[in-house]
Every structure is written in C-alpha cells, then in structure tokens.
Amino acid sequence: MIAASVVRIYATTQEPDYNNPWQAHAPSSSTGSGVVVAPGRVLTGAHVVANATFLQVQKASEPDKFTARVEAVCHCADLALLAIDEEAFNRGVISAEIGQLATPGDRVSVVGFPVGGDEVSVTEGVVSRIEVQRYSHSQRHLLAVTVDAAINQGNSGGPVLQDGKVVGIAFQKLTKAENVGEMVPAPLLRHFLGGLARGVPSPIVLPDLAAATQTLENPILRRRLGLAHGESGVLVRAVEHGGSADGVLEPGDTLLEIGGLPIANNGSILYRDRYRTRFDAILGEHFVGDKIPVRFLRDGAQQRRLLELKPSCRLVPRNQYDRSPTYFVYGGLVFQPLTRDFLATWEKWWEKAPEEFVHLYHAGVRTEARQEVIVLSQVLADAVNVGYERRINESVATVNGVPPRDMRDFVRLLSRAQGTVEIRLSSNSLIVLDVPALSEARHRILARYRVSADRSSDLGDVR
C-alpha cells in the first residue's frame, strides 16, 4: 500500500557558474523521492528539482519512467509539486492524504528510494523535536520536525508517514548526528498546497520580517528600554529597506508581540499553544501580501500596527534557484551582485572568502541608498585593463564619485559615462578607464573569452 503512492524522481540539472556567470556548469544527474498527493501530482522537496532541465518519475517496481514538470515550487520551505501529464501514470497509483503535525514521541516511517537499491525503503523513527530550524536549501528559519531516522541521498524528498498519512517531507539530515534527519512538517505542506489552491503564483515565496533583533534577557537592558515588570520582547537593531517591517518598525523599538503572540525575552513564542520556538515561526503560516498585527514599544509608548508581509530583501541575497546569475562585463572587468551563491565559489566560504564579503553577508543592512553590493569578480585581461587584474574580489564604492544603488544603477552609471570613467573600490583602490577605447575593445574581449553577451538578460534594457 505504501509503494502505491511513493515514487522515485530522476533529475537532470544544470547549475549556474558564478565564477563565469555567462555560462553554466555541465549537466549532472541525481535521484530523489516523492509522494503522489493527487492524480498526476507528486509532492517532493524543492532541492530535488532545483535548476532541473529534465525530470522523470518512476513508480515502485515498474520499469517505465514518465516525463514530469515542475508545476509549483516554494524554495523557502523546500517544497515542490510535480505534474505528470500522461494518463498511464495514474494506473495503480493511490493518492496519499496529508496528516497533522506530529508530536514528540510519535513513531513515523521515512519512505523513499535511497541510493544503493531499486526497491522502496521504509525506515522507522521517533519524533524527537519540533522547533524552528535553518533550512539548508534556502537558509530560511522555519518550523521543522526532527526524527531519529536516516535521511540519505535518494530518499530525500520522500514522505514521512504516520498511520498511512503524510506528516512530513524528508529534506535534510543533521551532519553532526548519526541517523537523525529533519522533515518539512504537515502545516507547511498544507500551507503550500493551500496556497496553490487559492491561486498564489509559483514560485511561492514565504514572507520575511526583514528586521534584525536582539534578545532582552538582561534585566538592566530591559529597564533601560522602559519595559514594565512582566513585559518582554526583543530589541529591533536594524530594519531592511523595502521589507515587511520598513515604515512600521524602527531601530530602537522593542517588539512585544507578533500575530497576537507575546514574544519572550529570549526571542521565542509559544507556537500552537505548545511549542516554544523562534518568534518568526509564525511567518511560515502566511503568504506575501498578508497582514499581521504587531505591538511594540517606542519612546516609552506602546503602539499597535499592521505589517503587510513582503519577501526577504537582504542586502546579500541567500540561495537562489532556477535563474541565471546577473552580471555585466565592462572593459573586460566582470561585475556581479554579491550573493550567497557567489560566496559559495570559495570552499568553506565562511572561512576563505574575503572578510568584507562575509561581514556583509552576516551584518549588512539593505538601505534606500544601497540595495545591492556590486563586486568586481574577475578581469578578462586586455590592453584596456592592464594593471587591474589584482583588484578582483572587492566591492564597488563609487562610479565617478556616485555610489551605485544596485546593479541596474551601476550599469546605468557606466553606460552614461563619457571620456574617462573612475571606479573606486572598497579598499580605496582606483580604476580609471578610457570610454572610447572600451567601445572599441568590447567585441574583441567578448570574442577572445567566448562570452556570449556583455550583460545578463535581466540587464538588457538598462541604458
């Protein structure tokens, strides 16, 4: 009966190359698992199908494979829904039902197709913990359930079952623990599928508060901020421009309550009247555009406002999928926005990437004046850029004395430059280029290094 709803997924993927952002890496193949939740519809993990160019689905113990396509995806919650259009796929298939949130101590079964065999595998485990965890696929903090059962390559994306119902999708394992894995819990599965049913467009993006906070466990700090006895909350340290909190919360506010739930001094809420976890767990139950109430303290007075929830808008974007990198080649200098994907071009980037970039990733705040960090990532050597080859892996400070707001603004500033253009980097290094000479060298440089275009398609209309 279990095998009638669990499938193996074959994925051919092609990852973008952030070292050479105008091209992609060679295609690669991988397998994962999924579960049929409706005729011709398979629920799986987004990481199983991210950057996929071709997908196939195979039913248990059957030789034939069926071509599949991604109908919807939520990279934030590591979930994807595949569609199989061939009617023959539905023969002998049973659609699984989504269950409820499991509780600690419940016995569950992790089902899928781990590497090393062709038959469906069932691993028994016990739910040990329910709390907000960092999802490695998206770097988002969302509700997750920990199970003492192995989640390995191949069965990731498969269902976790309890009493025959799907209570989770296996999505990652804990690297410092043996045979311990995590699953996307049933409430997030229902939220994802419910959003599709009500017409939320794919890719579904879960909202982010876009504010940095500090816990208030120190009583002297609470007194300094004016909290009364028995009051609790977190201090707002910074607010990202364009995010959910922008225009409502300000640095120095004390956030006391979100979505009707009081925030403890350690930054937690009592989620679902039972689980003590991070206060931003509540955002996983909402969509972009929803509104939730907040209560906060400002200058000794309490205020209540509604937050309109928006996507994450960090200065340094986290993992991105199913899209090509943004880049611009100017006089053989290759520029791109600083992203986590670019940082990942360094092995153990948190140790080996430039300190400036790592600091901006962890502590950079998006402002109206600076919405992206522009990086000089490579120099394609030519006579017009001699002497600048060692200036790579620095961020751009100004173009002709003007700080660029984002990548589009940066390209616009360069495109309008005449005579000479001066690019000052974060180390105060100066690059001076002759604009007429760059126009003559453009085709030569692109042809020499086999670069298809001087800019990514998303910058094609910038002048």
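**Entry: Ser156**

I began with Ser156, which is buried, since its relative accessible area of 12% falls under the 20% cut-off. I note at the outset that I am working from a predicted model. I then looked up where Ser156 sits, and found the residue in the loop between strand E9 (141–147) and strand E10 (159–162). Its side chain makes a polar contact of 2.6 Å with the side chain of His47. When I set aside the neighbours within four places in sequence, I found Ser156 in contact with Gly32, Ser33, His47, Val48, Ile151, Ala170 and Phe171.

**Entry: the second largest pocket**

Having met His47, I turned to the second largest pocket, where His47, Ser136, His137, Asn319 and Tyr321 are the lining residues that lie nearest the centre. I noted a volume of about 770 Å³ for this pocket, and a lining of 29 residues. I asked which element gives the largest share of that lining; it is strand E2, with three residues. Strand E2 (28–38), helix H1 (46–49), strand E8 (121–134), strand E11 (165–173) and helix H4 each supply at least two residues. By class, I recorded 17 polar residues in this lining, together with six nonpolar and six charged ones.

**Entry: the cavity**

I next looked for enclosed space, and found that the structure holds one cavity of 30 Å³ or more. The volume of the largest cavity is about 40 Å³, and its lining is made up of Leu143, Pro185, Pro187, Leu188, Tyr271, Ala281, Gly284 and Glu285. I sorted this lining by class and wrote down six nonpolar residues, one polar and one charged.

**Entry: Arg276**

Is Arg276 buried or partly exposed? I found that Arg276, which lies in strand E18 (residues 275–278), is partly exposed, because its relative accessible area of 47% lies between the 20% and 50% cut-offs. Leaving out residues up to four places away in sequence, I listed Ala264, Ser268, Ile269 and Leu270 as the residues that Arg276 touches. With one of these, Ser268, Arg276 shares a side-chain to side-chain polar contact of 3.2 Å. I also checked Arg276 against Glu131, which is 145 residues apart from it along the chain, and noted that their C-alpha atoms are separated by 7.4 Å.

**Entry: helix H6**

In helix H6 (residues 355–363) I looked up the buried residues, and these are Phe357, Val358, Leu360 and Tyr361. They lie on the same side of H6, because the arc they cover around the axis is only 165 degrees. On the face turned away from that buried side I found the exposed residues Glu355, His359 and His362. I then asked what covers the buried residues of H6: the cover includes helix H4 (340–343), helix H5 (349–352), strand E23 (374–379) and strand E24 (394–399).

**Entry: helix H7**

I closed with helix H7 (residues 407–415), in which Met407, Asp409, Phe410, Val411 and Leu414 are buried. Among the elements that cover these residues I noted strand E21 (328–330), strand E22 (333–337), E23, E24 and strand E25 (420–425); E23 and E24 are also among the elements that cover the buried residues of H6. At the N-terminal end of H7 I found a cap, formed by Asp406, of which a side-chain oxygen lies 3.3 Å from the backbone nitrogen of Arg408.

Definitions and conventions. Residues are numbered from 1 along each chain as its sequence is written. This is a predicted model: local features need pLDDT of at least 70, side-chain atom pairs count only at pLDDT 80 or more; totals for chains, interfaces and linings use all residues. Side-chain values use heavy atoms; hydrogens and water are left out. Buried means under 20% relative accessible area, exposed over 50%, partly exposed in between (1.4 Å probe, protein chains only). Helices (H or I, at least four residues) and strands (E, at least two) are DSSP runs, numbered from the N terminus. The arc is that of the directions from the helix axis to the C-beta atoms. Contact means heavy atoms within 4.5 Å. On a 1 Å grid over the protein atoms alone, a cavity is a set of points where a 1.4 Å probe fits but cannot get out, and a pocket is an open set with protein on both sides within 12 Å along at least five of seven lines; lining residues have an atom within 4 Å of a point. Grid points are joined across faces, edges and corners, and a volume is the space filled by probe spheres set on the points. Ala, Val, Leu, Ile, Met, Phe, Trp, Tyr, Cys and Pro count as nonpolar, Asp, Glu, Lys and Arg as charged, and the others, Gly among them, as polar. A polar contact is a pair of N or O atoms within 3.5 Å; within protein, one must be able to donate a hydrogen and the other to accept it, and residues adjacent in sequence count only if both atoms are side-chain atoms.
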